[in-house]
Amino acid sequence: MASNLFTTSRRWAGGLLVALLTTGYVYGQDLQVSDARASLLPGEQPGAGYFELYNAGDKAVVLVGADSDAFETVELHVSAEQDGMAHMHAVEQVEIAPGERFAFAPKGHHLMLIGREKALSVGDEVDVQLEFADNQRLSVTFDVVSPVSL
Ligand SMILES: [Cu+2]
């Protein structure tokens with residue numbers, strides 16, 4: 001029994017190491033994130049995360065989600081206007097073709113930052129993990145900004 005446990009945990013650790021190395025190689029060079037900022041409203045209202053992704057690689061990149069220790073939930077959303085009213089809804093994924101830039105920006109795609117786990121003020125930094133379809137993750141530091149600065 002003890003040797004089984006040992007084998008399992010060793011295999012797990014090996015897999016983790018491979019995943020970390022792969023992430024560093026693929027996304028360190030081929031996927032660039034810029035202008036990452038989080039706009040937080042006062043109180044319990046959800047905030048919004050904006051950034052630009054540039055796929056410098058030769059394969060499509062598919063963003064499928066995001067996660068952060070600083071928030072209970074992070075969702076991919078898109079804003080749209082319908083009959084003169086602003087709406088937003090969750091999106092399953094965002095695909096960025098090779099050589100393309102994709103902006104998460106006000107009035108368009110955004111990360112919805114729901115349920116703050118701790119107090120955050122303008123000027124703070126907050127880490128968000130972007131999750132991709134091939135099980136890779138990219139940690140991005142967002143600057144906390146005031147909504148009126150956008
Ligand atoms: Cu939203």
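Colleague: Where is serine 68 found?
Modeller: Happy to start there, and keep in mind that this is a predicted model. Strand S4 covers 71-82, and serine 68 comes before it. The place of serine 68 is the loop between S3 and strand S4.

Colleague: Is serine 68 buried or exposed?
Modeller: Buried means under 20% relative accessible area. Serine 68 has a relative accessible area of 5%, so it counts as buried.

Colleague: Which backbone oxygen lies 2.8 Å from a polar atom of the side chain of serine 68?
Modeller: Let's look at the polar partners of this side chain. It reaches the backbone nitrogen of alanine 70 at 3.1 Å. Leaving aside neighbours within four places in sequence, serine 68 is also in contact with Val74, Val126, Asp127 and Val128. The backbone oxygen at 2.8 Å belongs to aspartate 127.

Colleague: Which strand holds valine 62, and is this residue buried or exposed?
Modeller: Valine 62 sits in strand S3, which covers residues 61-67. The cut-off for buried is under 20% relative accessible area. Valine 62 has 16% relative accessibility, so the answer is strand S3 and buried.

Colleague: What separation do the C-alpha atoms of valine 62 and glutamine 93 have?
Modeller: Along the chain, these two residues are 31 residues apart. Gln93 is among the residues that valine 62 touches, and so are Val94, Glu95, Glu131, Phe132 and Ala133, not counting residues up to four places away in sequence. The C-alpha atoms of valine 62 and glutamine 93 are separated by 6.5 Å.

Colleague: How many salt bridges does the count come to?
Modeller: Here are the pairs. Arginine 37 pairs with aspartate 35, arginine 101 with glutamate 52, and arginine 137 with glutamate 131. The count comes to three.

Colleague: In the salt bridge of arginine 37 with aspartate 35, which residue is buried and which is exposed?
Modeller: The closest N and O atoms of this pair are 3.6 Å apart. Aspartate 35 has a relative accessible area of 54%, so it is exposed. With 17%, the buried residue is arginine 37.

Colleague: How many residues apart in sequence are the parts that arginine 101 and glutamate 52 tie together?
Modeller: The closest N and O atoms of this salt bridge are 3.2 Å apart. Arginine 101 lies in strand S7 and glutamate 52 in strand S2, so the pair ties together parts whose separation in sequence is 49 residues.

Colleague: How far apart are the closest N and O atoms of arginine 137 and glutamate 131?
Modeller: Arginine 137 is partly exposed, with a relative accessible area of 37%. Its salt bridge with glutamate 131 has its closest N and O atoms apart by 2.6 Å.

Definitions and conventions:
Residues are numbered from 1 along each chain as its sequence is written. This is a predicted model: local features need pLDDT of at least 70, side-chain atom pairs count only at pLDDT 80 or more; totals for chains, interfaces and linings use all residues. Side-chain values use heavy atoms; hydrogens and water are left out. Helices (H or I, at least four residues) and strands (E, at least two) are DSSP runs, numbered from the N terminus. Buried means under 20% relative accessible area, exposed over 50%, partly exposed in between (1.4 Å probe, protein chains only). Contact means heavy atoms within 4.5 Å. A polar contact is a pair of N or O atoms within 3.5 Å; within protein, one must be able to donate a hydrogen and the other to accept it, and residues adjacent in sequence count only if both atoms are side-chain atoms. A salt bridge is a side-chain nitrogen of Lys or Arg within 4 Å of a carboxyl oxygen of Asp or Glu.
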